[in-house]
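Here are my notes on this one, in the order I'd go through them with you. Have the structure open while you read.

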Amino acid sequence: MTRRVYQGLFLITLVVCTLLFVQEVKGSVTQLFPHVDKVAHFGIFFVLAFIMDKAFRIPFFVQVVLLLLYGGAIEWMQDMLPYRQASFYDFLADAAGAASYFVIHYLWQKKRAKA
């Protein structure tokens, strides 16, 4: 896919994720297994990091900072909603998801360079 396609996909993903993060969570979703929300945060930010990396030619450190700012903004926004609450651990899951993508990407690139 081209960078333009990834840029559009990134924008769409960002909008959809933001809308999901402001939705009221029903009890049945949180009862799937303990800390399902942390797994969701991790996965969403892993995917966002992947798409962002493909969409933009900016250093990975800048991408991580931007994703962390987005994660912080999401938590701040959730704190403003009467039916949601901010969580430092959700923010850590966001950071771990983004960082995990870049660590895996770095290791993959290093392995490919050897071959």
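1. Let's begin with the inside face of α3. Val36, His41, Phe45, Leu48, Ala49, Ile51, Met52, Asp53 and Ala55 are the buried residues in this helix. Bear in mind that we're looking at a predicted model. As a general point, an α-helix has 3.6 residues a turn, so residues three or four places apart point the same way.

2. Does the helix length add up? What I'd ask is how far apart the end C-alpha atoms of α3 are. They sit 28 Å apart, and that agrees with the 28 Å expected because α3 has 20 residues at 1.5 Å a residue.

3. Now pick one of those buried residues, methionine 52, which belongs to helix α3, residues 36-55. Methionine 52 counts as buried because its relative accessibility is 5%, and the cut-off for buried is under 20%.

4. Which residues does methionine 52 touch, leaving aside those up to four places away in sequence? The answer is Phe10, Gln63, Leu66 and Leu67. Have a look at tyrosine 6 as well: its C-alpha is 7.6 Å from that of methionine 52, although the two are 46 residues apart in sequence.

5. On to the charges. Searching the whole structure turns up two salt bridges. Generally speaking, side chains of opposite charge can pair when their charged atoms come close. Here Asp37, Lys38 and Asp90 are joined in a network of salt bridges.

6. Take the two bridges in turn. Aspartate 37 pairs with lysine 38, with 2.8 Å between the closest N and O atoms. The side chain of lysine 38 also meets that of aspartate 90, at 2.9 Å from N to O. That second pair ties together distant parts of the chain, 52 residues apart: lysine 38 is in helix α3 and aspartate 90 is in helix α5, residues 88-114.

7. Are these three residues buried or exposed? Aspartate 90 is buried, as its relative accessible area is 4%. Aspartate 37 counts as partly exposed at 32% relative accessibility, and lysine 38 counts as partly exposed at 22%.

8. Last, the surface. Ile58, Phe60, Phe61, Val62, Val65, Leu66 and Leu69 make a nonpolar surface patch of about 640 Å². One of them, valine 65, lies in helix α4, residues 60-80, and counts as partly exposed because its relative accessibility is 34%. Leu66 deserves a second look: this patch residue is also among the contacts of methionine 52.

Key: Residues numbered from 1 in each chain as written. Predicted model: local features only at pLDDT ≥ 70, side-chain atom pairs only at ≥ 80, totals over all residues. Heavy atoms only, no water. Helix = DSSP H or I, 4+ residues; strand = E, 2+ residues; numbered from the N terminus. Buried < 20%, exposed > 50% of the residue type's maximum accessible area, 1.4 Å probe, protein only. Contact = heavy atoms within 4.5 Å. Salt bridge = Lys/Arg side-chain N within 4 Å of Asp/Glu carboxyl O. Expected span 1.5 Å × (residues − 1). Patch = residues over 30% accessible without salt bridge, like charges linked within 9 Å, V, L, I, M, F, W, Y side chains within 5 Å. Areas by Shrake-Rupley, 256 points an atom, 1.4 Å probe, with all protein chains shown as cover.
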